[in-house]
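This report describes the geometry of one protein chain, from helix packing and sheet order to domains and backbone exceptions. The sequence and coordinates are shown first.

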Amino acid sequence: MAIKSRAAVIVEKEHVEVRELDMAEPGPGQVLVRQKACALCTLEQRFFTGVFPKYPGCWGHEVSGVVEAIGPGTITPLKVGDHVARGGGSACDQCYDCAMGYDSMCWIEKERLARQQVGGRADGITGIFGMSQYASVDPHNLVKMADHVPFVEAALVEPIACAVNAVDKLEVELGQTVVIIGAGAMGLANVLVCKARGAFVVVSDLDAQRRERALKAGAHAALDPSAGDIAEQLNAINDGRLADAVIVAIGVKPANDDALKLVASCGKVMLFASAHPGVPISIDPNIVHRSGIWITGSTSKNRKSLMRASLLISRGIIDVKPMIEEAMPIDQAQQAFERAVQPDTYRIVITM
Ligand SMILES: [Zn+2]
Ligand SMILES: [Zn+2]
């Protein structure tokens with residue numbers, strides 16, 4: 001029997017409709033989630049703005065909700081009524097990358113998506129159906145949440161998991177200095193995680209309000225790239241040293257340039273944001289050779305980072321409220337997207 005579900009469907013560029021969809025009952029190996037909140041990340045925004053012109057589509061990978069039913073024969077630690085967060089795509093647990101913990105590199109999941117075995121429907125709507133009241137999903141991609149966490153906040157487990165993944169890779173140590181360039185929503189996610197990790201957290205952003213927001217969220221200091229030499233600014237507050245790690249959370253050339261100015265010898269640069277357009281980074285190989293810096297990147301998360309992000313939020317170790325701009329009901333999905341794509345907004349969350 002089909003389940004009636006109201007869903008926000010991107011029907012064409014810059015046009016979202018709320019439709020009533022017939023969603024499938026959970027099959028073997030699946031869990032049915034009554035989804036309550038879905039945050040609009042840059043991925044969803046790119047479907048909306050036409051960077052990824054795949055229509056009609058129902059996306060949404062930053063999701064929270066309640067377990068409504070468990071498919072026949074599904075073995076899972078989750079129970080009906082559990083609050084859960086969902087983290088977008090899944091992973092196969094079979095390929096080399098999944099075995100190594102690099103779930104986001106799973107080619108089998110990418111192949112499933114390409115063949116529309118994930119969410120492909122008779123009515124032509126594709127996607128992972130995070131912006132839908134109901135979806136039957138692989139429980140591998142769900143984590144249990146504490147009941148007291150509001151759904152709007154629980155939806156942000158996925159972006160926090162992405163920051164956990166990146167900060168893990170940087171192996172940030174207690175007391176080390178991390179500069180986060182860009183104090184948008186994902187910049188703040190990195191601020192929160194680095195703070196929890198015991199780092200001295202410095203943000204850099206051109207916008208005074210964003211710097212203020214980052215400081216309120218827990219950053220120890222803020223740099224203004226327009227206020228003179230950025231490396232000198234950092235030296236002045238960091239005992240004359242540069243950063244042990246720099247996280248670039250905005251995909252623009254000046255941010256990459258600043259990262260290379262701010263990283264100390266043997267330090268690490270994390271390209272966390274995707275760049276559109278992808279302007280090449282030019283760097284003298286002798287600089288890398290002599291300074292021993294690491295330049296790396298991170299996208300998405302793995303099962304372990306998703307689980308720990310759920311604990312960080314459920315146990316109140318981090319508070320994601322600073323990342324949230326506003327929650328809007330699904331009936332206002334069109335307006336929610338229009339707001340989300342404005343450059344100055346933090347996360348807009350659709351409630352369902
Ligand atoms: Zn996201
Ligand atoms: Zn895999």
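In this predicted model, helix H5 meets helix H6 through Pro159, Ile160, Cys162, Ala163, Val164, Ala166 and Val167 on the H5 side and Ala185, Met186, Ala189, Asn190, Leu192, Val193 and Cys194 on the H6 side. Sorted by class, this contact has 13 nonpolar residues, one polar residue and no charged residues.

H5 covers residues 157-170 and H6 covers residues 185-196. Their axes come within 9 Å and cross at roughly 60°. H5 is therefore oblique to H6, and the crossing of the two helices is right-handed.

H5 also lies across three strands, namely E13 (243-248), E14 (263-271) and E15. Relative to E14, H5 runs at about 155°.

**The parallel sheet**

These three strands belong to an open sheet of six strands, in the order E12-E11-E10-E13-E14-E15, with parallel pairing. The edges are formed by strand E12 (221-223) and strand E15 (294-297), each of which pairs on one side only. On average, and with direction ignored, neighbouring strands of the sheet are turned by 20° against each other.

Within the sheet, strand E10 (residues 177-181) and strand E11 (residues 200-204) pair in the parallel sense over five bridges. Threonine 177 has phenylalanine 200 in E11 as its bridge partner.

**The hairpin of E1 and E2**

Elsewhere in the chain, strand E1 (residues 3-12) and strand E2 (residues 15-23) run antiparallel and are joined by nine bridges. In this pairing, isoleucine 10 stands opposite valine 16 in E2. Two residues lie between the strands of the hairpin.

**Domains**

How does the domain assignment divide the protein chain? Domain 1 is given as 3-156 + 320-351, and domain 2 as 161-297. The C-alpha centres of the two domains lie 30 Å apart. Domain 1 contributes seven residues to the contact between them, and domain 2 contributes nine residues. On the side of domain 1 that touches domain 2, there are five nonpolar residues, one polar residue and one charged residue.

**Backbone exceptions**

Most residues other than glycine have a negative phi, and most peptide bonds are trans. The table gives the places where the backbone of this model departs from that pattern.

| Site | Backbone feature | Value |
|---|---|---|
| Glutamate 14 | positive phi, not a glycine | about 60° |
| Tyrosine 55 to proline 56 | cis peptide bond | omega near -10° |
| Histidine 276 to proline 277 | cis peptide bond | omega about 0° |

Where does glutamate 14 sit? Glutamate 14 is in the loop between E1 and E2, and its positive phi thus falls within the hairpin described above.

Proline 56 is found in the loop between helix H1 (42-49) and strand E4 (57-58). The peptide bond leading to proline 56 from tyrosine 55 is cis.

Which elements flank the loop that holds proline 277? That loop runs between E14 and helix H10 (285-291). E14 is also one of the strands that H5 lies across, and in the sheet order E14 stands between E13 and E15. The cis peptide bond here joins histidine 276 and proline 277.

How values were computed. Residues are numbered from 1 along each chain as its sequence is written. Chains are lettered from A and ligands numbered from 1 in the order in which they are written. This is a predicted model: local features need pLDDT of at least 70, side-chain atom pairs count only at pLDDT 80 or more; totals for chains, interfaces and linings use all residues. Domain bounds come from an automatic or database domain assignment. Two residues are in contact if their C-beta atoms, placed from the backbone, lie within 7 Å. Ala, Val, Leu, Ile, Met, Phe, Trp, Tyr, Cys and Pro count as nonpolar, Asp, Glu, Lys and Arg as charged, and the others, Gly among them, as polar. Axes are lines fitted to C-alpha atoms, for helices over the stretch in contact, and angles run from 0 to 180 degrees between N-to-C directions. Helices (H or I, at least four residues) and strands (E, at least two) are DSSP runs, numbered from the N terminus. Angles under 35 degrees count as roughly parallel, over 145 as roughly antiparallel, 65 to 115 as roughly perpendicular and the rest as oblique. A crossing is left-handed if the near helix is turned anticlockwise from the far one by less than a right angle, and right-handed if clockwise. Two strands pair if DSSP finds at least two bridges between them.
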